[in-house]
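Work through the exercises below with the structure open. Try each task before you read its solution.

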Amino acid sequence: ASIPAIYALGKKLFGENAALAAAALAAVNMFQIRYSQEARAYSLVILLATLSTYFFVRAIDDGPAALNYRIAYVAFSALGVYAHLNFCLLLGVQWVFIGRQRLVRHLIPATWMLGTLLVLVTPMASFIATKDHGQLNWIPSPSFLSVLEFAKLFTGYGGTPLLAVYGLLCLTAMMVPAGAAVGPCGTDELRWATRLISSWLFVPIISTLFLSIWKPVFVDRFMAVSAPAL
């Protein structure tokens, strides 16, 4: 289910060629295949993260269906938080990188979207605040080798060569010249889309590593929330 969702998001942000490439990579990525075979929520997190971001992008567009997209965004985002708490990092990325102009232009709908989302996830927040009895105490502190092994698995478990290829492609994608004729939208929209996807990829991973200095919470499968961005 995540594959067509990734295609839809890629097409909306960067055009059909990028969408086809993203869907093809998602279909064969070993990280996603591995955790889709576990009876846990990780593949669901990948799907909900993709749908949340897709409807977020559509929700801040002006159009006759904007209300439907906003309702869908709130619903899928709330479900994502209940699927895994790391989903909150993606929501933070979305709203931090929405941009001042978009936020001002959509201030009223943004306010009720955020307000409704906060109400829906209040039970989860209450549970975390009152029922934390050391459920994550089994997680070891991350080391350089464990992070490296995660990076290899995340990029398809093809060893250092495939990791290097993915790294090079990611850097190239983020450094596309501002005036390049890429994507279905203008240069500013392309810049914004690139920042959004790049932040979605890196911020949850880096934030979790920094948090692990205080309390270890870095586990490879917990990073499923960033998998669609890759």
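**Exercise 1. Describe the largest pocket: its volume, its lining and the classes of its residues.**

Step 1. The volume of the largest pocket is about 920 Å³. A pocket is an open set of points on a 1 Å grid over the protein atoms alone, with protein on both sides within 12 Å along at least five of seven lines. Points are joined across faces, edges and corners, and a volume is the space filled by probe spheres set on them.

Step 2. The lining of this pocket counts 35 residues. Lining residues have an atom within 4 Å of a point. Nearest the centre lie Ala22, Ala173, Ile197, Ala229 and Leu230.

Step 3. Two or more lining residues come from each of helix H1 (2-14), helix H2 (16-28), H10 and H11. H10 gives the largest share, 8 residues. Helices are DSSP runs (H or I, at least four residues), numbered from the N terminus.

Step 4. Sort the lining: 27 residues are nonpolar, 8 are polar and none is charged. Ala, Val, Leu, Ile, Met, Phe, Trp, Tyr, Cys and Pro count as nonpolar, Asp, Glu, Lys and Arg as charged, and the others, Gly among them, as polar.

The model is predicted: local features need pLDDT of at least 70, side-chain atom pairs count only at pLDDT 80 or more, and totals for chains, interfaces and linings use all residues. Residues are numbered from 1 along each chain as its sequence is written, and side-chain values use heavy atoms, without hydrogens and water.

**Exercise 2. Find which residues join H10 to H11.**

Step 1. Locate helix H10 at residues 159-174 and helix H11 at residues 187-214. Their axes come within 10 Å and cross at roughly 145°. Axes are lines fitted to C-alpha atoms, for helices over the stretch in contact, and angles run from 0 to 180 degrees between N-to-C directions.

Step 2. On the H10 side, take Cys170, Ala173 and Met174. They meet Thr194, Ser198, Leu201 and Phe202 in H11. Contact means heavy atoms within 4.5 Å.

**Exercise 3. Describe the second largest pocket.**

Step 1. The second largest pocket has a volume of about 800 Å³. Of its 26 lining residues, His84, Leu85, Ile128, Leu136 and Phe222 are the closest to its centre.

Step 2. Helix H5 (66-83), H8 and H11 each supply at least two lining residues. H11 gives the largest share, 4 residues.

Step 3. By class, this lining has 15 nonpolar, 6 polar and 5 charged residues.

Definitions and conventions:
On a 1 Å grid over the protein atoms alone, a cavity is a set of points where a 1.4 Å probe fits but cannot get out, and a pocket is an open set with protein on both sides within 12 Å along at least five of seven lines; lining residues have an atom within 4 Å of a point.
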